[in-house]
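Subject: Structure handover

Hello,

Here is the structure you asked about, with notes on what turned up in it.

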Amino acid sequence: EKTAEYIQDLRKDFQDLRVGWERAGKLHLTLKFLGDVDENQINNLTKAVENVVNQIEKFNIQVVGTGQFGKRVLWLGVKDEKANLLKIHNLLKSELEKYGLAKKTKNFNPHLTIARLREPDKSLQLIKKHLQNEFNTDKFEVSEIIVYESQLLPTGSTYKKLKIVKIKKF
């Protein structure tokens, strides 16, 4: 909720800019991006996630800090004191490799994308304000991993939940 409010405040202050603001219902933290996955592999994908969830316990994270990728992406950072997200990322990578689904990715950097700048050169004030902000939330519990299917449409991306895997261990 606090992240959604932050996005709304920035959006109000910079209404004249062409920005793809992330909607509250689409905010997510990507543990592993796979790109195109053959439909026949979806069961293996969900099995890999279930195998990972069986190896972890619930834990807390906090959304803290602001940042930017390249000229176009604004994000909020994620504080994970015990590096649980990195552990999950690495476990998931190992499990997915068993099914030929592990795609090479850049270094794992947990974050929430909040905006995509359509005209970065005209967005310098927005970038400055975002980067100077000391954003943070209360800690909250991570209790599930969701497997999403994403589709990129001319109107933006859409996400469909394929599987919700609850973390049962405490």
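Two strands count as paired here if DSSP finds at least two bridges between them. Please keep in mind that this is a predicted model.

The sheet

On that basis there is an open sheet of 5 strands, in the order β1-β4-β3-β2-β5, with antiparallel pairing. Strands β1 (19-21) and β5 (140-142) stand at the edges with a single partner strand each, so one side of each has no neighbour in the sheet. From one strand to the next, the twist averages 35°.

At one edge, β1 runs antiparallel to strand β4 (residues 111-117), and 3 bridges join the two. Within that pairing, V19 has L117 of β4 as its bridge partner. At the other edge, β5 pairs with β2 in the antiparallel sense, also over 3 bridges. There, N60 stands opposite E141 in β5.

Strands β2 and β3 are antiparallel and are joined by 6 bridges. One of the partner pairs is V63 with V78 in β3. The two strands form a hairpin with 3 residues between them, and G70 in the turn has a positive phi of about 60°.

Helices on the sheet

Helix α1 (residues 2-13) lies across β1, β2, β3 (73-79) and β4, and runs at about 20° to β4. Helix α4 (residues 124-132) also packs on the sheet, where it touches β1, β2, β3 and β4. The direction of α4 makes about 145° with that of β2.

Salt bridges

Side chains of opposite charge can pair when their charged atoms come close. How many salt bridges does a search of the whole structure find? The total is 11. One to look at is D13 with K129, where the closest N and O atoms are 2.4 Å apart. This pair links distant parts of the chain, since D13 is in helix α1 and K129 is in helix α4, 116 residues apart.

A pocket

The second largest pocket holds about 200 Å³ of space. Which strand gives the most to its lining? That is β2 (residues 59-69), with 4 residues. The lining is made up of K58, F59, N60, I61, Q62, K79, D80, E81, K82, N84 and K139. By class, 6 of these residues are charged, 3 are polar and 2 are nonpolar. N60 therefore appears twice in these notes, as a lining residue of the pocket and as the residue opposite E141 in β5.

Regards

Conventions
Residues numbered from 1 in each chain as written. Predicted model: local features only at pLDDT ≥ 70, side-chain atom pairs only at ≥ 80, totals over all residues. Heavy atoms only, no water. 1 Å grid on protein atoms, 1.4 Å probe; cavity = no way out; pocket = protein on both sides within 12 Å on 5 of 7 lines; lining within 4 Å. Points joined across faces, edges and corners; volume = space filled by probe spheres on them. Nonpolar A, V, L, I, M, F, W, Y, C, P; charged D, E, K, R; others polar. Axes fitted to C-alpha atoms, helices over the stretch in contact; angles between N-to-C directions. Contact = heavy atoms within 4.5 Å. Salt bridge = Lys/Arg side-chain N within 4 Å of Asp/Glu carboxyl O.
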